[in-house]
Amino acid sequence: MEDARIPFEIMTSFRNLGSASIHEAMGGRGAVSPAIKPLTMKFVVCGRVFTVEHPGNDNYGLHRALAECQPGDVIVARTNPFAEAAGWGEITTVAAKLRGVAGFVTDGYVRDTQRIVQRKFPVFCRGVCIKGTSKTVPGGLGRPVVVGGILVEPGDLIVGDADGLVVVPRREAAEVLHKTRERENYEQKIVQELQAGRTTLEALGLT
């Protein structure tokens, strides 16, 4: 990584914050396409981005990423979303967990979904496909990629939950964390006002 990494305490603090709140706190930026979804609504991912670019029908690049990424990284893969093939499955999931990888995000497809869910490894993808891939194209590691319409750079922060995925540029992480906490505190006050009998028009100042 060319710059200092996001401090661990800042990165882990994002885990308890909602992706939608982070997106709003960033002024409506960073939201990955809603076409990329978690395999189960219970999955939450939060970690430092490790990027890989590979053809949709060849997952050699993913195996290279697994060999080079660090504990706490989230592998974010740009591929050909129109290729009917799954580059990620149970084998890569087991390897990722053993290396301490925090999750996997792809604009392509995965398979062995029930086993991935059973292993509680967060995977966000465009869909599911039973077809496998070849392993001949090295792909590219550690360079900026566009995934789900968002530019993602190595070392950025990615956070995902049932609502979706949001990317936080690493240089903005501390500021975004502060603004997200402020927003969530504001929304809790709105909830308290609703519970006290006010309408949403009144609580949101829409009258």
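This is a short tour of a predicted model, one selection at a time.

**Stop 1: Thr-93**

Start by selecting Thr-93, which sits in helix α4, residues 90-98. Is Thr-93 buried or exposed? With a relative accessibility of 0%, Thr-93 counts as buried, because the cut-off for buried is under 20%. Now show what surrounds Thr-93: beyond the neighbours within four places in sequence, the contacts are Trp-88, Ile-116, Arg-119 and Phe-121. Zoom in on Trp-88, whose side chain makes a polar contact of 2.9 Å with the side chain of Thr-93. Then draw a C-alpha to C-alpha distance from Thr-93 to Phe-121: it comes to 7.0 Å, for two residues 28 apart in sequence.

**Stop 2: from α4 across to α5**

Stay on helix α4 and pick Glu-90. Which residue does the side chain of Glu-90 meet in a salt bridge? Select Arg-115, and you'll find an N to O distance of 3.0 Å. Arg-115 belongs to helix α5 (residues 113-118) and Glu-90 to helix α4, so this salt bridge ties together parts 25 residues apart in sequence. Colour the two by accessibility and they part ways: Glu-90 is buried at 16%, while Arg-115 is partly exposed at 48%.

**Stop 3: the buried side of α3**

Next, select helix α3, residues 60-68, and highlight Gly-61, Leu-62, Ala-65 and Leu-66, which are buried. Look down the axis: these four cover an arc of only 145°, so they lie on the same side of α3. The helical repeat helps here: at 3.6 residues a turn, residues three or four places apart in an α-helix point the same way. What do the buried residues of α3 pack against? Switch on the strands β2 (45-53), β3 (73-78), β4 (86-88), β5 (103-106) and β9 (140-141), and bring back α4 from the earlier stops; the buried residues of α3 pack against each of these.

**Stop 4: more salt bridges**

How many salt bridges does a search of the whole structure find? There are eleven. One to select is Arg-143 with Glu-53, where the side chains meet at 3.7 Å, N to O. This pair links distant parts of the chain: Glu-53 is in strand β2, and Arg-143 is 90 residues away, in the loop between β9 and β10 (145-147). Both ends are partly exposed, Arg-143 at 42% and Glu-53 at 27%.

Move on to Arg-170 and Asp-156, another salt bridge, this time at 3.9 Å, N to O. Arg-170 is in the loop between β13 (164-168) and α6 (173-195), and Asp-156 is in the loop between β11 (150-152) and β12 (157-161), so the pair ties together parts that are 14 residues apart in sequence. Arg-170 and Asp-156 are both buried. Before leaving, add Arg-78 to your selection of Glu-53 and Arg-143: salt bridges with shared partners join these three into one network.

**Stop 5: the cavity**

Last, turn on a cavity display. A search of the whole structure turns up one cavity of 30 Å³ or more, and the largest cavity has a volume of about 70 Å³. Which residues are closest to its centre? Select His-54, Thr-79, Gly-87, Gly-108 and Tyr-109, the closest of the 13 residues in the lining. Finish by colouring strands β4 and β5, since each of them supplies at least two residues of that lining.

Notes. Residues numbered from 1 in each chain as written. Predicted model: local features only at pLDDT ≥ 70, side-chain atom pairs only at ≥ 80, totals over all residues. Heavy atoms only, no water. Buried < 20%, exposed > 50% of the residue type's maximum accessible area, 1.4 Å probe, protein only. Contact = heavy atoms within 4.5 Å. Polar contact = N/O pair within 3.5 Å; in protein donor to acceptor, adjacent residues only side chain to side chain. Arc of directions from axis to C-beta. Salt bridge = Lys/Arg side-chain N within 4 Å of Asp/Glu carboxyl O. 1 Å grid on protein atoms, 1.4 Å probe; cavity = no way out; pocket = protein on both sides within 12 Å on 5 of 7 lines; lining within 4 Å. Points joined across faces, edges and corners; volume = space filled by probe spheres on them.
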